[in-house]
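Good morning, everyone, and thank you for making the time. Please take a moment with the sequence and the structure before I start.

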Amino acid sequence: MRQVLARAIGGVAIIGLLAGSAACNKDTSSDTATGSNCGYKLAFFGALTGPAANLGVNISQGFELAITQFNEKKGSTCIEVVKFDSQGAAEVAPGVARSLVADKKIIGIVGPAFSGESEAADPIFEEAGIPTISPSATRVSLSTKGWKTFHRAVANDDAQGPAAAAYIKDTLKAEKVFVADDQSAYGAGLADVVKQKLGATVVASDKTEGDGKQTDFSALVQKVVSSGATALFYGGYYANAGLIRKQLTTAGWKGTLLGGDGMKDPGLAKAAGNAAAAGTVVTCPCSPAEAAGEEFNNAFKTKWGVPAGTYSDVAYDAANVFLQGIEAGNTTTEKLNEYLSTVNYKGIANTYKWTATGELDPTLIKVWAFKFDDAGVDKADVEIKVS
């Protein structure tokens with residue numbers, strides 16, 4: 001979900017972080033369904049740098065923790081971790097994706113993390129036949145492309161958008177709503193669903209530039225204030241949203257800012273200031289962090305020195321889905337992709353079972369609303385039932 005351009009030569013930034021230097025048991029004649037099927041790589045693909053990199057880092061850390069634990073149980077570096085930094089940018093993602101598919105030891109990808117980069121990179125992964133599990137890309141159209149390698153580990157915006165609209169109508173009881181978006185694949189798609197569901201309640205709408213491309217939102221702020229809206233839904237990411245909230249507060253607007261999972265990050269409060277951010281509501285097709293359990297949360301904090309963030313738990317599950325498949329002997333991209341079509345995996349964040357289009361089984365979808373407090377922390381508010 002983002003961008004800011006720590007660009008490398010040729011516009012492609014790649015970070016290859018290996019969890020260790022030696023792969024175990026490279027004698028494939030000893031690989032069995034119950035043995036140590038080692039010598040392969042799993043990749044993370046998403047933003048590790050850029051204005052909205054916090055979410056990508058959260059995801060990469062959950063992904064890496066799962067593989068670290070797996071290797072510790074093996075007693076060696078059985079599966080290697082490789083990370084590819086797309087900067088969350090659709091224009092950067094294809095070059096990074098081509099570098100990834102050139103490594104023939106990579107047999108599975110956790111990512112892409114954001115919708116725009118998914119649209120740009122997933123055709124390359126599809127052509128290469130490498131299965132992907134995105135823990136966070138929510139644009140509805142991603143599952144309509146006919147990609148056989150695509151899998152989404154969370155609900156899409158057809159669940160998150162109506163959930164946000166329901167919160168605005170039923171909890172806030174707002175009669176006038178302003179809707180804006182950052183024109184990204186994610187932000188515009190989510191905002192469109194919210195506008196459709198709210199109908200005549202939406203009194204006006206507007207567009208902004210993407211994260212890192214705009215800092216002055218005075219024109220939007222004036223439109224929101226003039227509209228009489230008591231709620232602003234913003235389809236975009238936390239960096240822009242924090243600045244918008246700060247400038248709305250300076251202008252004296254007392255309404256509620258709402259958004260989707262791209263805004264669920266401490267970076268929003270950092271940009272807005274804790275006092276201004278307080279009361280901001282974000283929806284997420286994810287559960288509260290504590291629902292992942294003490295064991296996971298303690299292990300994450302021990303390894304990384306910070307609490308698990310948005311989608312850290314989902315990425316942890318996605319990596320473990322791949323690891324279970326590899327351990328069962330699915331050590332080619334073809335076998336691993338076939339395994340994903342039949343899996344029913346109970347993880348710490350959810351249970352994972354995919355439809356033929358790569359969507360999460362409808363019975364497993366969940367959406368929560370989170371609210372920022374005056375300490376800049378987004379805390380679980382209510383689970384929103386999605387009909």
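I will go from the overall dimensions to one sheet, and then to a single residue in that sheet.

A word first on the basis of all this: the model is predicted, so to speak of local features we need pLDDT of at least 70, and side-chain atom pairs count only at pLDDT 80 or more, while totals for chains, interfaces and linings use all residues. Residues are numbered from 1 along each chain as its sequence is written, and side-chain values use heavy atoms, with hydrogens and water left out.

Let me begin with the whole protein. Its secondary structure comes to 12 helices and 13 strands, where helices (H or I, at least four residues) and strands (E, at least two) are DSSP runs numbered from the N terminus. The radius of gyration is 21 Å, which agrees with the value near 21 Å that a compact globule of 387 residues would have; it is taken over C-alpha atoms, and the globule rule is 2.2 Å times the number of residues to the power 0.38. Along the principal axes, the C-alpha atoms fill a box of roughly 70 × 45 × 40 Å. Of the 387 residues, 59% are buried, meaning under 20% relative accessible area with a 1.4 Å probe and protein chains only.

Now to the sheet. It is open, has seven strands with mixed pairing, and follows the order β6-β5-β7-β8-β9-β12-β13; two strands pair if DSSP finds at least two bridges between them. Because β6 (202-207) and β13 (378-384) stand at the edges with a single partner strand each, one side of each is left without a neighbour in the sheet. From one strand to the next, the twist averages 25°.

Helix α6 (residues 218-227) packs on this sheet, touching β5 (177-181), β6 and β7 (231-235), and its direction makes about 165° with that of β5. Helix α7 (residues 238-250) also packs on the sheet, touching β7 and β8, at about 155° to the direction of β7. For these angles, axes are lines fitted to C-alpha atoms, for helices over the stretch in contact, and the angles run from 0 to 180 degrees between N-to-C directions.

Within the sheet, β8 (residues 256-259) and β9 (residues 281-284) run parallel and are joined by two bridges, and Leu258 stands opposite Val281 in β9.

Which strand holds Thr283? Thr283 lies in β9, and it is buried, with a relative accessible area of 2%. Leaving aside neighbours within four places in sequence, Thr283 is in contact (heavy atoms within 4.5 Å) with residues including Gln160, Gly259, Asp261, Trp368 and Ile384.

Definitions and conventions: Buried means under 20% relative accessible area, exposed over 50%, partly exposed in between (1.4 Å probe, protein chains only).
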